[in-house]
Each structure stands twice: as structure tokens, then as C-alpha cells.
Amino acid sequence: MPRVGALVQLSSDIVKETLARPTVFKDEAPLSLEYIPATLPHRDEQMRFLTQLFRFSLETPFSTSQRVLITGDVGTGKTVLAQRFGTDLVRAAKSRKVNLQYVHVNCREAKGSLFMIIKRVLTQFEPEFPKRGFAPEELLHTLMDMLDDKNMHLILALDEVEHLIRIEESTPIYNLTRIQEERVGKPIRLSVIFILRELEYLQKLDRSTTGTLQRNIVKLDKYSSRQLIDILKDRVQLAFKENAMQDEALQLVADIGGQSGDARYSIELLWRAGKYADGENAKRVSTDHVRKAVGSVYPMLRGEYIAALSPHEKYLLLALARVLEESQEAYATIGAVEREYKAVCEEFNDHPRHHTQVWKYAHSLSAIGVITASKSGEGVRGKTTLLGLQNIPASTMREQLETPLAASRKKRPQTR
Ligand SMILES: Nc1ncnc2c1ncn2[C@@H]1O[C@H](COP(=O)(O)OP(=O)(O)O)[C@@H](O)[C@H]1O
Ligand SMILES: [Mg+2]
């Protein structure tokens with residue numbers, strides 16, 4: 001018994017002692033993913049454009065609707081721009097007594113299902129909304145009826161819409177952009193903001209839907225190091241104690257972030273560098289802390305990306321990681337990866353899919369930016385597709401996949 005007592009004593013001492021240590025942080029929340037800053041440096045022009053597109057919704061409400069596409073690479077501020085704009089527009093509408101609402105749904109989190117997306121919207125306004133008993137085709141009309149009842153105009157932002165297209169192809173987009181036209185003579189209730197990483201994905205849609213979407217495009221460019229400095233300075237002020245961040249360290253984060261133009265990665269580096277400073281009891285974050293952070297933050301390796309993949313996409317990704325780790329080369333042919341994929345399927349007691357399906361998985365993994373896929377040039381006989389990993393050591397990718405896959409491994413089929 002005394003031993004256990006001593007252990008408890010010890011761990012509470014650790015907590016007490018750690019809490020007594022100094023920290024460079026004042027408030028970590030502004031460095032979190034959910035944080036929506038009050039202002040968005042270097043996105044004024046886009047904010048103005050969106051406001052122009054939607055000014056009708058305040059000035060002549062229920063007379064027109066709008067469809068907009070926001071596009072740009074990871075971390076260029078697509079999500080935060082839509083959310084900041086939505087929040088500000090709703091506030092302006094409120095002061096004019098116009099019933100305008102903005103709802104932001106992430107299609108990845110909604111499992112790429114329009115049904116689930118609309119359900120999320122409905123429960124936002126009516127938390128008691130029945131969970132069952134609605135057919136997918138009906139639900140969109142149910143939403144329109146609810147908007148009629150509440151005399152509301154809704155701006156629906158569909159974030160990471162590639163996941164919706166990936167699963168349900170063009171039908172939901174088509175329905176969403178056409179629903180108003182079916183309601184001849186009724187007030188206009190629904191506008192949609194589509195958020196998409198790569199415009200290329202639109203090729204999967206039918207031509208008239210593509211045409212509608214291409215009319216209003218907000219294209220966000222990657223941030224330069226200079227622009228990142230402005231974005232990061234705001235966060236440093238909110239999140240770090242005064243003078244806790246060396247100017248040179250901030251500059252280094254911006255320089256490194258500028259290579260990918262990804263604000264999210266840069267903010268993550270700031271946070272991680274702060275953690276390393278705290279770990280060493282340092283009063284200020286130095287360039288060395290930043291360099292350490294660089295070694296541990298991989299922009300494309302976020303748990304959320306991996307979790308959203310289907311089992312076979314995970315097998316294929318694991319196969320690619322293993323082939324690259326073994327060969328120590330930058331790329332692997334799709335043939336080599338497919339052979340390894342079959343072995344991975346066997347390992348996890350699953351049946352491998354056919355070649356064309358495997359090819360589709362590779363394509364969709366590259367479309368969401370987890371891997372690269374390119375045609376082979378000189379040196380490889382015949383044309384083949386070469387797969388690679390984005391900025392992540394193959395071994396790290398492998399480790400990240402093996403654990404969850406092992407946990408969800410299928411039971412071996414019963415043999416008699
Ligand atoms: N112009 C900006 N000003 C302030 N913060 C920004 C800006 N652009 C992006 N961010 C921040 O960078 C991170 C990534 O932005 P996000 O909107 O998630 O990018 P995307 O959706 O394009 O991947 C978020 O934390 C966001 O708040
Ligand atoms: Mg986003």
C-alpha cells in the first residue's frame with residue numbers, strides 16, 4: 001500500500017510542478033483550427049467580392065439566389081473566408097431585420113452524403129427534427145418548406161465538396177443548384193457556397209452544372225512569406241505572452257510556410273514551436289524551437305484526412321508507404337503499389353478490389369491531396385502512373401496507418 005501512496009504523491013507532484021513552470025503561451029485557443037479571427041489579412045478583395053455577390057440578399061431579400069465557388073490549395077483560407085463572411089453578413093442582415101442565416105457543413109464530416117448534410121442543416125434550426133422516416137429526395141424539399149415556414153434565406157456553405165462528389169457524383173450538386181427553378185413563383189430561399197480544393201474536380205460534373213458554378217469563382221492563391229507574417233503576427237499577439245516570440249523565429253516560420261503557402265501549416269508550426277520552448281523552460285520561442293517543430297509537423301498528415309478514407313484507400317496508401325520505404329525512392333509505379341496492396345488486403349483479411357477500382361482509389365487520393373500521381377516520363381518503359389507521398393516520410397505514414405487498420409482488422413473468414 002505505501003508504494004501506491006508514494007506513486008500517487010509523485011504524479012500529483014509532477015502535475016503541480018509542471019503547472020508552476022513558466023509558459024510562453026497566454027491563450028492557445030487562437031492557434032486552434034476552429035478559431036475564426038476578426039480580420040483576415042490579404043483577403044479583403046475576396047471579402048468585398050463575396051459581399052457584392054450577396055448584397056441582394058439584404059437589399060432585395062428573397063428575390064434571387066447565388067451560387068459561388070471558393071477554390072484554392074490547402075491552408076489558403078477557404079474555410080475561414082467563408083465562415084468570416086457568413087458571420088458578418090448574417091450580422092448585417094440582422095441589423096436590417098432580414099431573416100438571413102448561414103450554415104457551414106463539412107462534406108467530409110457528413111460522410112459525403114447529401115442526406116446527412118441536409119439533416120445537419122435541419123437539426124441546426126429544429127434540434128428535435130425526426131432522425132428517421134425521410135427519403136433522401138424528400139429531404140431537400142423538407143428543407144425548402146422549413147425555410148418557407150420561417151421566411152428565411154439560407155446561405156449553405158458546403159466545405160470540402162470533393163467528398164460529396166466523390167461519393168455521390170454530380171446528382172446532389174445538380175439538385176442543389178436547380179431546386180429554386182422547380183419552385184416557380186415562390187420566394188427564393190437558398191444560396192450555396194461550394195468550397196473545393198481543385199477546380200479539376202468539376203470535370204466530374206455534367207456540363208450545365210459546371211457552367212453554373214464557373215460563373216462566380218473566388219480563387220485563393222497561396223500565401224507568400226510576407227503575407228504569412230501579417231497573418232501570424234495577429235495570432236502571436238493573441239496567443240503568446242509579450243516578447244515570448246523572437247522576431248527571427250516568427251520570420252523563420254513565415255519563410256518555411258511560404259514554401260507551401262499554407263497558413264494552417266504555419267500556425268501549427270507556431271504552436272508546436274511554443275510547445276518545444278515550454279518543454280525546455282525557455283522564456284522565448286527561438287529559431288531552434290521552430291526547426292524542431294518543422295521536424296514533427298507534416299502538413300498533409302492530419303488525423304482527420306486519414307480517418308475520412310475508406311478501408312481500401314487506407315490499404316492502398318499503406319501499400320504505397322511500404323513500397324516507398326523499402327525502395328527509398330521518391331515515386332513508385334502503380335503496378336508495384338498494386339502488388340503490395342494485394343498483400344496488405346490479405347494481411348487485413350479483406351478481398352482486394354479490381355485493377356480499375358484500385359486506379360480510381362489512387363486518383364481520388366491524389367485529388368484530395370494525400371498523394372501525388374503523375375505520368376512517368378523517360379526511364380520507365382511504357383507509360384505508367386507514378387505515385388508519391390506529399391512531404392511525409394513514408395515510415396511516418398506507415399505508422400499512422402498500421403495502428404488504426406490493425407485495430408479494425410476484419411475477422412478471418414470461417415473455414416470449414
Ligand atoms: N487571411 C487570413 N487571415 C487570418 N488567418 C487565416 C487567413 N487565411 C487562413 N487563415 C488561417 O489559416 C488556417 C487555415 O485556413 P483554412 O481556412 O482552414 O484553409 P483552407 O480551408 O483553405 O484549407 C486557419 O487557422 C485560418 O484561420
Ligand atoms: Mg478548409
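In the predicted model, 73% of the contacts between residues at least 6 apart in sequence join residues at least 24 apart. One pair of residues distant in sequence is Asp262 and Asp73, which are 189 residues apart along the chain but 7.7 Å apart in space, from C-alpha to C-alpha. Of the 416 residues in the protein, 34% are buried. The C-alpha trace spans about 75 × 65 × 60 Å along its principal axes, and the secondary structure consists of 18 helices and eight strands.

The domain assignment divides the protein into domain 1 (44-217), domain 2 (223-294) and domain 3 (303-407). The centres of domain 1 and domain 2, taken over C-alpha atoms, are separated by 35 Å. Five residues from domain 1 and six residues from domain 2 take part in the contact between these two domains. On the side of domain 1 that touches domain 2, one residue is nonpolar, three are polar and one is charged.

Ligand 1 is surrounded by 18 residues, of which Gly77, Lys78, Thr79, Ala263 and Arg264 come nearest. Two or more residues of this shell are given by each of the helices α4 (78-95) and α12 (263-279). By residue class, the shell around ligand 1 holds nine nonpolar, six polar and three charged residues. Because domain 1 (44-217) and domain 2 (223-294) both contribute residues to the shell, ligand 1 lies between these domains.

The loop between α11 (247-260) and α12 contains Asp262. Around the C-beta atom of Asp262, 23 other C-beta atoms lie within 10 Å. A residue counts as buried when 20 or more such atoms lie within that distance, and Asp262 is therefore buried.

Strand pairing was examined for β6, β7 and β8. Strand β8 (residues 385-389) is joined to strand β6 (residues 332-333) by two bridges, and the two strands run antiparallel. In this pairing, Ala332 stands opposite Leu387 of β8. Strand β7 (residues 371-375) is also antiparallel to β8, and five bridges join this pair. Here Ala373 is the residue that stands opposite Leu387. Leu387 of β8 thus has Ala332 opposite it in one pairing and Ala373 opposite it in the other.

Technical notes
Residues are numbered from 1 along each chain as its sequence is written. Chains are lettered from A and ligands numbered from 1 in the order in which they are written. This is a predicted model: local features need pLDDT of at least 70, side-chain atom pairs count only at pLDDT 80 or more; totals for chains, interfaces and linings use all residues. Domain bounds come from an automatic or database domain assignment. Two residues are in contact if their C-beta atoms, placed from the backbone, lie within 7 Å. Ala, Val, Leu, Ile, Met, Phe, Trp, Tyr, Cys and Pro count as nonpolar, Asp, Glu, Lys and Arg as charged, and the others, Gly among them, as polar. A residue is near a molecule or strand if its C-beta atom, placed from the backbone, lies within 6 Å of it. Helices (H or I, at least four residues) and strands (E, at least two) are DSSP runs, numbered from the N terminus. Two strands pair if DSSP finds at least two bridges between them. A residue is buried if 20 or more other C-beta atoms lie within 10 Å of its own, exposed if 12 or fewer, and partly exposed in between; C-beta atoms are placed from the backbone.
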